[in-house]
Amino acid sequence: MGDPWDLVVVGGGPAGAATALGALSAAPDLRVLLLDRAAFPRDKACGDGVSPEAADVLAGLGVPGLLDDWTPVRRLDLSHGSRRVSRQMRRAVRVVPRTVLDDRLVAAAVAAGARLERHRVRKVRVRGDAVAVDDDLAARVVVGADGAYSVVRRAAGVPEVRHRAVALRGYVATPPRWSGRQVIAFDPRRRQAYAWCFDRGDGLANVGYGAFGTDGLTRAVLLRRLGELLPGTMDGPGDGADWRGHHLPLSSWRWTQPDGRLLLTGDAAGLVNPMTGEGIHYAVATGALAGRAAAAAVTEGRPSTAGARYRTAVRTLLGPHLRHSVVAARLSVLPAVLTAGIVAADRDQRVFDDLVDLGLGSGRLTRRVVAGLARALTPTRC
Ligand SMILES: Cc1cc2nc3c(=O)[nH]c(=O)nc-3n(C[C@H](O)[C@H](O)[C@H](O)COP(=O)(O)OP(=O)(O)OC[C@H]3O[C@@H](n4cnc5c(N)ncnc54)[C@H](O)[C@@H]3O)c2cc1C
């Protein structure tokens, strides 16, 4: 098998590239191998919304301004039936196709010193003081950044994610009324489901529909609900381009990271915001922490401590946020609560800002949000 790599990262999406960057920023001489089954640039089903907190993480990894040439989007419209709110977000989101984002991230990881190889990993086994990756590679630590159907997750003995959503996206010419906006229309007919239209700023918009669960959610159903909730995005077969769907492994109350040499990041770790489907911020944030934990464990000569170090770092950074977002997602299953959230956000910019932080960043269910919800749910006396 030859000399073991210090770190093998399986998957070159945002989580994998951030892992390599995190490791190499902590220990520039580390021998890091980044494996992906696809050749870059490669597409990935996504709404393409990159939150400001994700951009902050990337800046902290030595790639500031990576997406500054894409148009900042500040306006967010939310609706549930006849209730609506349209406000400016405190900080801009960028809507960047994954063919661009992931390619730039992988290039940054390679520039930092990672070796990139095209390789589909099939088998990962911990053997004494090293990890065997397929039949020909060995590593001191392996990070699983291999998405929703992770091979590394299985090897680490972590059960499959139970809560999944499914979503489909495509690209259309931006409908003029939604230029410069991110538009989300929650589905009054189905719980935890919404259609979106995110303007990229280059004449195209990313549009799609996603829903909790997977039962009965065929491509035809997803497309029909998108067209019904956001008329003008998908009015008939043949509209739009590059339709692509994927499962989203949603975060739940418990998050599992075993001790040892196998670390799980991003979708492989089951980290997708259950309220919004946001996963890029979690992917880069956990990738950065996994890379740093692996680098520290290897340089201290104790690679088997990587898992425990990483678990502590994730719990410190994201623990309370993950629990709050799960509570918020459970509450928003109730249509009355969802409507109340929209009413409260419409009444108060600060409630709107707190909800955006909870859905796109690492915010919490603040007292302001809870009070706003309670007020909106209380019937007014005449
Ligand atoms: C339709 C849709 C819309 C979404 N919209 C948004 C959004 O607007 N904003 C947002 O933040 N999040 C969104 N998400 C979630 C987001 O796409 C994911 O959370 C994010 O891609 C996770 O990044 P990752 O690096 O963990 O995994 P991925 O991006 O899935 O990358 C995994 C990589 O691993 C590689 N791989 C897999 N298996 C192997 C193997 N065995 N060997 C080698 N390589 C392997 C794959 O080729 C891939 O490159 C959306 C998801 C969907 C499905």
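Q: How many salt bridges does the structure hold?
A: There are 24 of them, a salt bridge being a side-chain nitrogen of Lys or Arg within 4 Å of a carboxyl oxygen of Asp or Glu. Mind that this is a predicted model: local features need pLDDT of at least 70, side-chain atom pairs count only at pLDDT 80 or more, and totals for chains, interfaces and linings use all residues. Residues are numbered from 1 along each chain as its sequence is written, and side-chain values use heavy atoms, with hydrogens and water left out.

Q: What makes Arg 104 and Asp 69 a salt bridge?
A: Their closest N and O atoms are 2.8 Å apart, so the pair passes the cut-off. Arg 104 sits in helix α3 (residues 98-112) and Asp 69 in the loop between α2 (52-60) and β4 (72-80), 35 residues apart. Those helices (H or I, at least four residues) and strands (E, at least two) are DSSP runs, numbered from the N terminus.

Q: How do you know what span to expect for α7?
A: You take 1.5 Å times one less than its number of residues. Helix α7 (residues 306-331) has 26 residues, so 38 Å is expected, and its 35 Å from first C-alpha to last is close to that.

Q: What is at Leu 318 in α7, and how is the bend there defined?
A: The bend is the angle between axes fitted to the seven residues ending there and the seven starting there. At Leu 318 there's a kink of about 60°, shortly before the proline Pro 320.

Q: What makes the peptide bond from Phe 40 to Pro 41 cis?
A: Its omega is near 0°. Pro 41 is in the loop between β2 (32-36) and β3 (49-50).
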